[in-house]
Amino acid sequence: MEKDKRKNYRRRWMAASRSLQKTRHKPDTTFSSDDDDVVERVDHLEGEFSQHYGNIGHGSHSFESHSLSEPFLEGAALNSDTLSLNEDDEHSDINAIENFCNSNEIEILSSDSDFDDSLSCEMLAQDLSQWVNSHCIDHNATDSLLGLLRKHGHSNLPMTARTLLGTPKNVPTEMKSGMQYIYFGVEKQLLSHLELYPEETLRDVATFDISLNIDGLPLFKSTSTSLWPVICSLNIKPTKIFPLALTLGNAKPFDLEFLRDTVQELNRLLLNGLNYKDHVILVKLKCIICDAPAKAFIKSIKLYSGYYGCDRCDQRGRWIGRMTYPTIGNIRTDQTFRSRVNDEHHHEAISPFCDLQIDMISQFPLDYMHLICLGVVKKLLLLWKRGKKDYKLSAHQIDIISRRLIALRPFIPENFSRKPRGLDEVDRWKATELRQFILYTGKIVLKGVLPPEFYMNFMALSVAVSILVSPNFIRYHIDYAHQLLEYFVESGRNLYGEEFLVYNVHSLLHLTDDARTYGNLDNFSAFIFENYLQKLKKMVRSGKSPLVQIVKRLEEMEKSKFFREHTQADACEILKIKIKKTNNAFIIDQRTCCEVVAKTNQKDQEGNILLLCRLYERPDALFLEPCDSRIISVFKAARRNSRMKLIPMDCLRSQAILIDEGENTITFMAVLHEI
Ligand SMILES: [Zn+2]
C-alpha cells in the first residue's frame with residue numbers, strides 16, 4: 001500500500017516535471033547563487049521532497065553547478081493542475097515549488113530524462129493494456145505488437161503481454177458440485193467496486209442494495225461445457241456488475257454446494273453490514289434474478305414442467321402433451337415455502353438461500369427478459385410462423401411482416417443495440433430484438449396482417465408490457481396492465497387452445513405482483529446481467545482451461561483499471577446526438593412531441609440551451625384499442641400541422657422513435673425501456 005502511494009507520488013512529480021520541460025526555453029533569466037532566501041527555500045523544498053517522494057535519485061542538489069546554459073528551469077511555470085499533491089499542505093508546497101522554479105536558481109531534475117522516458121513508457125504501457133482489454137486482443141498479437149514497438153524506439157516496454165497486463169501466473173481453482181470452481185468473495189468484490197465511485201457519491205450512503213444473478217451459460221456450440229457464474233449487481237448509479245463465484249463443467253452443478261460460500265458471506269454482511277473506510281454501510285439483498293430452470297434449481301423446487309411447477313401459486317398443472325396451468329391457485333408465501341406446505345412443489349434438498357433472512361418467493365421475481373421476450377413473444381412469433389393451421393400465417397403474410405420490419409430499420413435510434421430483422425431469422429433473434437418487437441415495432445408491422453382478434457390479443461400484451469416497463473406509466477396504470485394481461489391469457493386460450501397456457505403465459509398473471517414490489521420491469525430484469533455474461537463469454541479464446549482464461553482476463557482488466565473508466569459524454573456530444581436524424585424525436589408531454597432541428601446560441605432564463613424544434617401539438621392517437629395509444633405516448637401526427645418553436649433542452653422528457661411513412665403522417669413512440 002505504502003509502495004503504491006509512493007509510486008503514485010512519484011508519477012505525479014514526474015508529470016509536473018514533464019510540464020516544466022515543455023516550457024523550458026525562455027532566455028531572459030538571471031541566476032543568483034548567493035541569495036540566502038533561495039537557499040532557504042531550496043532547503044525547505046528539498047525537505048518536502050524527501051518527505052513526499054523519498055530520495056528521487058538525483059544525488060545532492062548541486063546549487064553551484066547551474067548556469068544559464070542549463071535551460072531546464074528557466075522561466076518555467078509549474079502547472080499546479082499536474083502537481084496536485086493531495087496533502088494538507090498542498091498549496092504551500094505548490095507555491096514553494098513555483099517560487100523556486102520561477103527563480104531559476106537551480107536544476108532539480110536536470111538529469112530526469114530517464115525518469116521522463118520511464119514515465120512516458122509507463123503511460124504508453126497503461127494505454128496499451130487498456131486497449132488490449134477493451135478490444136479483446138489475444139496475447140500472441142500483443143506480444144507481436146510489443147516487439148514492434150520495442151524495435152522502434154520504445155525499448156522500455158515489457159517484452160510480453162503477460163508482463164504488460166499483469167496476468168497472474170497461477171489461478172488456483174477447486175472442485176465444487178462436480179465443477180471447477182473459484183470464489184472471489186462478496187466483501188472483497190464489494191469493497192473493490194465501491195472504490196470506483198467518486199467520494200461524494202458514497203458520502204451519504206448508509207445503505208445500498210445488491211441483486212444476484214445465477215444462470216447457466218453454454219460456452220461453446222460444439223460441447224456441453226457451461227459456466228455457472230454467481231453475478232452481483234451493486235445498485236448504486238451507475239450500476240456495477242461483477243462475479244462473486246464462477247463454476248465451470250461439462251454439465252450443470254450436481255448440487256448447490258457451489259452457492260455455499262456466497263450465501264455464508266452474504267448472511268454475515270446482511271446482518272452486520274460492510275465496513276467501508278471509517279464507517280459501516282448496511283447491505284440489502286434486493287432480489288435474485290434467474291430464468292425459470294435456474295430458479296427451480298437454486299430454490300430446489302420442481303421445474304415448470306412438473307405438476308406443481310409454478311413458483312408463485314400452488315395451482316396443479318394439467319398435462320396435455322405439455323404442462324399447462326389453467327388458472328391461478330393459492331399464492332405462495334415465504335412462510336408456506338419454508339414450511340413446505342405444498343410438499344410436491346419441493347425437491348428433497350433445502351436451498352442454501354433458506355439460510356438467509358429473505359422472502360423465498362418475492363425475492364425471486366419473474367424476469368421479463370426470459371419470461372416475456374424470450375418466452376411469450378418468441379412463442380407467438382413461432383406459432384404464427386409454423387404453428388397449427390388455425391393460426392399459422394401464410395408465407396405471403398410472413399413476408400409482408402418481414403418487409404415491414406426491414407423498412408423500419410432507418411427509424412430505429414442509434415442507441416438501440418439492434419435494428420429489426422425479418423422473420424426468416426426469427427430463430428436467431430436476441431432478447432433485445434424481441435423486446436423491440438413487443439414494445440415498438442410489433443404494434444405497427446402486425447396491423448392488417450394478423451386477423452383482428454389475434455392482433456387485439458397481441459396488442460393487449462404489447463400495451464401491458466409498455467406500461468410495466470415504463471417508470472412513469474407504471475405508477476398510474478399498473479392495475480390496467482394487469483387487466484390487459486388477464487385478457488391476453490384468457491383470449492390466448494380461446495385463440496391458440498388450452499396448450500397456450502404454459503408456465504410463461506401463466507406467470508404473466510403473477511407479474512404485476514413483482515412490479516408492485518420492485519417497480520418497472522427493468523428494475524428486476526436479467527438484461528443488465530445478460531450483457532455482462534456475454535462479456536465473460538468473449539473472454540474465452542480457446543477450449544483450454546476456460547475458467548482460468550476468464551479469471552486471468554478479469555484480473556488483467558482490474559489491473560489496467562479498464563473498469564475504472566467512467567467516460568461521460570459531455571453536453572455538446574449529447575446535443576450533437578440529439579440533433580442527428582433518427583435520434584432527434586422527443587416526447588415533451590402527453591399532448592406534445594417534437595423533432596429537434598438545430599441548436600441555437602440562445603438560452604432561457606434558467607440558462608437552458610434553446611433548441612429549434614418542429615413541434616407537433618395535440619397529436620392524434622395511433623390506435624384506440626385496447627386503449628387510447630396516447631396513454632403510452634404513441635402518437636400519430638401530421639407535418640402540415642407542425643410549427644417551428646424554440647424549446648429549452650430540459651423540456652425534452654423522453655426520447656422517441658419517429659416513423660415517417662410518407663403521406664404527411666408520422667408516428668411517434670416514446671422509448672420506454674432502460675437503454
Ligand atoms: Zn401460478
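A residue counts as partly exposed when the number of other C-beta atoms within 10 Å of its own falls between the buried cut-off of 20 or more and the exposed cut-off of 12 or fewer. Keep that in mind for the tour of this predicted model.

**Stop 1: two serines in loops**

Select S545, in the loop between α18 (527-538) and α19 (546-560). S545 has 15 other C-beta atoms within 10 Å, so it is partly exposed. Check its backbone too: phi is positive, about 45°, although S545 is not a glycine.

Now jump to S177, which sits in the loop between β1 (174-176) and β2 (179-183). Here phi is near 50°, again a positive value in a residue other than glycine. With 17 other C-beta atoms within 10 Å, S177 is partly exposed.

**Stop 2: two cis peptide bonds**

Select K237 and P238 and look at the bond from one to the other: it is cis, with omega near -10°. P238 belongs to the loop between β6 (230-234) and β7 (240-249).

Next, pick E625 and P626, which are also joined by a cis peptide bond, this one with omega about 5°. You'll find P626 in the loop between β15 (620-621) and β16 (634-638).

**Stop 3: helix α17**

Select residues 503-518. At 1.5 Å a residue, these 16 residues should span 22 Å, and the end C-alpha atoms are indeed 22 Å apart. Where is α17 kinked? Centre the view on L509, where there is a kink of about 50°.

Colour the buried residues of α17 next; among them are Y503, V505, H506, L508, L509, H510, L511 and D514. What do the buried residues pack against? Show α10 (292-299), β11 (323-324), α12 (368-386), α15 (452-469) and α16 (473-496). Before leaving, click on G519, which follows α17 and has a positive phi, near 90°.

**Stop 4: α12 against α14**

One of those partners of α17, α12, leads to the last stop. Keep α12 on screen and add α14 (residues 431-445): the two helices pack at an angle of about 70°, with their axes 9 Å apart. An angle from 65 to 115 degrees counts as roughly perpendicular, and α12 and α14 are therefore roughly perpendicular to each other.

To see the contact itself, show M369, I372, C373, L374, V377 and K378 on the α12 side, and A431, L434, R435, F437 and I438 on the α14 side. Colour the residues of this contact by type and you get nine nonpolar, two charged and no polar.

Technical notes. Residues numbered from 1 in each chain as written. Predicted model: local features only at pLDDT ≥ 70, side-chain atom pairs only at ≥ 80, totals over all residues. Helix = DSSP H or I, 4+ residues; strand = E, 2+ residues; numbered from the N terminus. Expected span 1.5 Å × (residues − 1). Bend = angle between axes of the 7 residues up to and from the residue. Contact = placed C-beta atoms within 7 Å. Axes fitted to C-alpha atoms, helices over the stretch in contact; angles between N-to-C directions. Parallel < 35°, antiparallel > 145°, perpendicular 65-115°, else oblique. Nonpolar A, V, L, I, M, F, W, Y, C, P; charged D, E, K, R; others polar.
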